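Q: Please take a close look at the aromatic pair in this structure and at what lies around it. I would like one connected account.

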Amino acid sequence: MTDRTDAPSSLGPDWVLGDDGLYFRRGARVVLLDDADRVLLVRGHDVDQPERSWWFTVGGGIDDGEDDAAAALREVREETGIALDPTALVGPVYTRSAVFDFYRQHCRQDEVIYLARLHGEVLAGEELSRDGWTDVELDVVDEMRWWDLDELARVDIEVFPEGLVDLVRPLLRGWDGVTRHLGLAREH
């Protein structure tokens with residue numbers, strides 16, 4: 001049983017207090033690739049740890065009554081301004097659960113991770129639209145950037161999901177149709 005009335009307003013309305021005592025939501029994420037095999041990532045920080053930042057895939061919470069693929073498409077549009085054709089969405093290629101601290105709360109998110117490839121001209125980070133960002137995103141998102149996988153493998157800050165470069169490389173040739181579960185990640 002979950003209780004929407006106990007969710008702290010700072011997390012947003014899609015977070016609910018779960019039976020395990022953690023704030024919980026289901027999320028949809030997208031590994032967004034361009035023709036040069038670069039992946040679009042977002043860099044953010046937590047309000048209570050502004051000195052710590054990390055890179056992560058585009059995506060967010062799944063709304064009540066929304067299916068996973070629709071949420072993934074919506075999140076890409078809201079966070080980047082890119083309106084993906086639904087046929088461009090592949091997967092989910094991965095699923096995972098993550099436990100982490102965010103907005104001074106212990107949280108758990110169960111995620112489905114899709115793949116999509118953009119063809120032709122791709123918007124640079126400064127050209128991507130932020131018009132659909134929530135108040136939380138405006139508070140904690142620092143930038144968006146296209147990453148070459150070799151360059152991403154050498155970054156010093158955290159990248160989520162962990163091992164993203166190794167997860168993306170086999171997808172460059174296409175998805176084999178098998179959704180792989182990455183397990184439970186404890187991210188702190």
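A: Trp-55 and Trp-147 are both buried, each falling under the 20% relative accessible area that sets the limit for that class. The model is predicted, and the distances and angles below are computed from it. A search of the whole structure finds one aromatic pair. The ring centres of Trp-55 and Trp-147 are 5.1 Å apart and the planes stand at 80 degrees, so the pair is classed as edge-to-face; the cut-off for that class is an angle over 60 degrees.

The pair links distant parts of the chain. Trp-55 belongs to strand 4 (residues 49-61), while Trp-147 belongs to strand 7 (residues 141-147), with the two positions 92 residues apart in numbering. Trp-147 also has a charged group at its ring: the charged end of Arg-145 sits over it, 3.6 Å from the ring centre.

On the side of Trp-55, a further residue comes in from a loop. Ile-157 touches Trp-55, and also Arg-43, Ser-53 and Trp-54, when residues up to four places away in sequence are not counted. Ile-157 lies in the loop between helix 3 (149-152) and strand 8 (158-160). Its relative accessible area is 32%, so Ile-157 counts as partly exposed, whereas both Trp-55 and Trp-147 are buried. The C-alpha atom of Ile-157 is separated by 8.2 Å from that of Arg-52, although the two residues are 105 positions apart along the chain.

For the setting, the protein has four helices and nine strands. Read from the N terminus, the order of elements is β-β-β-β-α-β-β-α-β-α-β-α-β. Of its 188 residues, 50% count as buried. Among contacts with a separation of 6 or more, 66% are between residues 24 or more positions apart. The exposed area of the protein is about 9,500 Å², of which carbon and sulfur atoms supply 48%.

Another site that brings separate parts of the sequence into contact is Thr-95, in strand 5 (residues 90-102). The side chain of Thr-95 makes a polar contact of 2.7 Å with the side chain of His-181. With neighbours within four places in sequence left aside, Thr-95 is in contact with Glu-111 and Val-112, and with Thr-179, Arg-180, His-181, Leu-182 and Gly-183.

Key: Residues numbered from 1 in each chain as written. Predicted model: local features only at pLDDT ≥ 70, side-chain atom pairs only at ≥ 80, totals over all residues. Heavy atoms only, no water. Polar contact = N/O pair within 3.5 Å; in protein donor to acceptor, adjacent residues only side chain to side chain. Contact = heavy atoms within 4.5 Å. Phe/Tyr/Trp six-rings, centres within 6.5 Å; stacked < 30°, edge-to-face > 60°. Buried < 20%, exposed > 50% of the residue type's maximum accessible area, 1.4 Å probe, protein only. Lys NZ or Arg CZ within 6 Å of the ring centre and 35° of its normal. Areas by Shrake-Rupley, 256 points an atom, 1.4 Å probe, with all protein chains shown as cover.
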